[in-house]
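User: Please take a close look at the pockets of this model. I would like the lining described first, then the setting around it.

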Amino acid sequence: MIDAKALGGGGFSGAHLAPDLTLALISDRGHWAEARLLLEGLTPIGLAPLRHGPLRDEAGRVLPRGVAADAEALARLPDGTWLVAFERRHRIRAYRQWDGPGAYVAAPTGLESAPANGGLESLAVLPDGRLFAIAETFTAPDRPELRHAWLGAPGRWVPLYWQPAPGFHPTDAAILPDGSALVLERRFSLLGGFAARLVRIAPDALRLAREGAVLTGETILTLDDAPLPSENWEAVTVARYGDQTLVALISDDNESILQRSLLLLFAWRG
């Protein structure tokens with residue numbers, strides 16, 4: 001379990017794990033945090049807080065908590081720049097450093113029409129430098145089972161679609177070393193509570209995708225019953241650590257006493 005207070009608060013919705021086990025987190029409450037993931041073998045035994053602070057606007061001013069600060073997805077470019085996607089006021093900001101200003105980045109065309117709480121929850125960087133993005137509940141007008149998705153770069157976005165499992169919504173994406181993508185999906189109901197699944201998209205599906213393509217994947221993990229905990233799983237991140245590929249999942253506690261900030265760590269076996 002993550003000690004959210006030691007990291008400046010909870011509500012974690014995006015994550016990035018580096019090869020040195022530095023874990024960066026962003027919150028839908030408008031703050032960022034960094035911690036060192038502590039391992040015993042490949043078993044996580046804790047997080048050592050490093051630093052945390054508020055996300056800022058293009059002028060370096062602290063984003064006011066609420067609509068302007070609803071950060072939902074995190075990705076890191078090869079040059080070290082952090083990309084943070086926001087909902088409600090749909091946009092992407094680029095941070096050269098965490099305590100600096102967040103410059104606007106050209107978001108996918110049409111994203112402004114997404115539901116307030118259904119914009120970009122998934123953002124990842126492919127090995128060829130392209131970005132992969134998926135909206136949570138922004139559906140195709142004639143096929144409501146599909147979600148708007150994009151490949152490309154700011155100003156050069158190619159519109160696609162993602163097909164989640166019935167009742168599920170995409171909440172994050174990460175890229176494996178072979179170029180395939182992992183997409184995290186979540187389901188919630190008052191009677192059934194939370195459930196989640198992790199889906200893998202083959203590298204060729206991403207490499208060959210053209211405008212209007214519908215992407216799907218194979219389910220490799222489900223989280224809806226013991227022994228894996230059911231929670232509000234919102235973030236997935238991948239890192240090389242020595243000769244291992246690690247996949248980490250983070251849950252969003254919404255700063256509620258009824259939910260938990262959890263971290264699950266898996267070794268990817270291919």
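Analyst: The pockets come first, then the chain as a whole, then three single residues.

This is a predicted model. Its largest pocket holds about 540 Å³ of space. The lining consists of 26 residues. Closest to the centre of the largest pocket are H16, R76, V125, I175 and V238. Five strands each give two or more residues to this lining: β1 (12-17), β5 (71-76), β9 (120-125), β13 (169-175) and β18 (233-241). The top contributor is β18, with 5 residues. By class, the lining of the largest pocket is 21 nonpolar, 3 polar and 2 charged.

Now the second largest pocket. Its volume is about 210 Å³. Here 15 residues form the lining. N117, E121, R186, E234 and N254 lie nearest the centre of the second largest pocket. Its lining splits into 2 nonpolar, 3 polar and 10 charged residues. Set the class counts side by side: 21 nonpolar residues line the largest pocket, while 10 charged residues line the second largest.

How is the search for such spaces pictured? A probe the size of a water molecule is rolled over the atoms, and this shows where empty space is left.

Next, the chain that holds these pockets. The protein chain has 20 strands and 1 helix. Its radius of gyration is 17 Å, close to the 18 Å that the globule rule gives for 270 residues, so the chain is as compact as a globular protein of that length. Along the principal axes, the C-alpha atoms fill a box of roughly 45 × 45 × 40 Å. Of the 270 residues, 54% are buried. Take the contacts with a separation of 6 or more: 46% of them join residues 24 or more positions apart. The exposed surface of the chain is about 11700 Å². Carbon and sulfur atoms supply 52% of that surface.

Three residues give local detail. Start with D28. Buried or exposed? D28 has 9% relative accessibility, so it counts as buried; the cut-off for buried is under 20%. D28 sits in the loop between β2 (22-27) and β3 (31-40). Beyond its neighbours within four places in sequence, D28 contacts G11, S13, A69, D70, A71, E72, D252 and N254. One of these partners, N254, is also among the residues nearest the centre of the second largest pocket.

G152 is next. It belongs to strand β11 (residues 147-152). Its relative accessible area is 8%, so G152 is buried. Residues up to four places away in sequence aside, G152 touches R130, L131 and W157. A59 lies 93 residues from G152 in sequence. In space, C-alpha to C-alpha, G152 and A59 are 27 Å apart.

R210 is the last of the three. This residue lies in the loop between α1 (203-207) and β16 (214-215). R210 is exposed, because its relative accessible area is 54% and exposed means over 50%. What does R210 contact outside its neighbours within four places in sequence? The partners are V158, P159 and L160. R210 and P159 are 51 residues apart in sequence. Their C-alpha atoms are 8.2 Å apart in space.

Definitions and conventions: Residues are numbered from 1 along each chain as its sequence is written. This is a predicted model: local features need pLDDT of at least 70, side-chain atom pairs count only at pLDDT 80 or more; totals for chains, interfaces and linings use all residues. Side-chain values use heavy atoms; hydrogens and water are left out. On a 1 Å grid over the protein atoms alone, a cavity is a set of points where a 1.4 Å probe fits but cannot get out, and a pocket is an open set with protein on both sides within 12 Å along at least five of seven lines; lining residues have an atom within 4 Å of a point. Grid points are joined across faces, edges and corners, and a volume is the space filled by probe spheres set on the points. Helices (H or I, at least four residues) and strands (E, at least two) are DSSP runs, numbered from the N terminus. Ala, Val, Leu, Ile, Met, Phe, Trp, Tyr, Cys and Pro count as nonpolar, Asp, Glu, Lys and Arg as charged, and the others, Gly among them, as polar. The radius of gyration is taken over C-alpha atoms; the globule rule is 2.2 Å times the number of residues to the power 0.38. Buried means under 20% relative accessible area, exposed over 50%, partly exposed in between (1.4 Å probe, protein chains only). Contact means heavy atoms within 4.5 Å. Accessible areas come from the Shrake-Rupley method with a 1.4 Å probe; for residues, only the protein chains shown count as cover.
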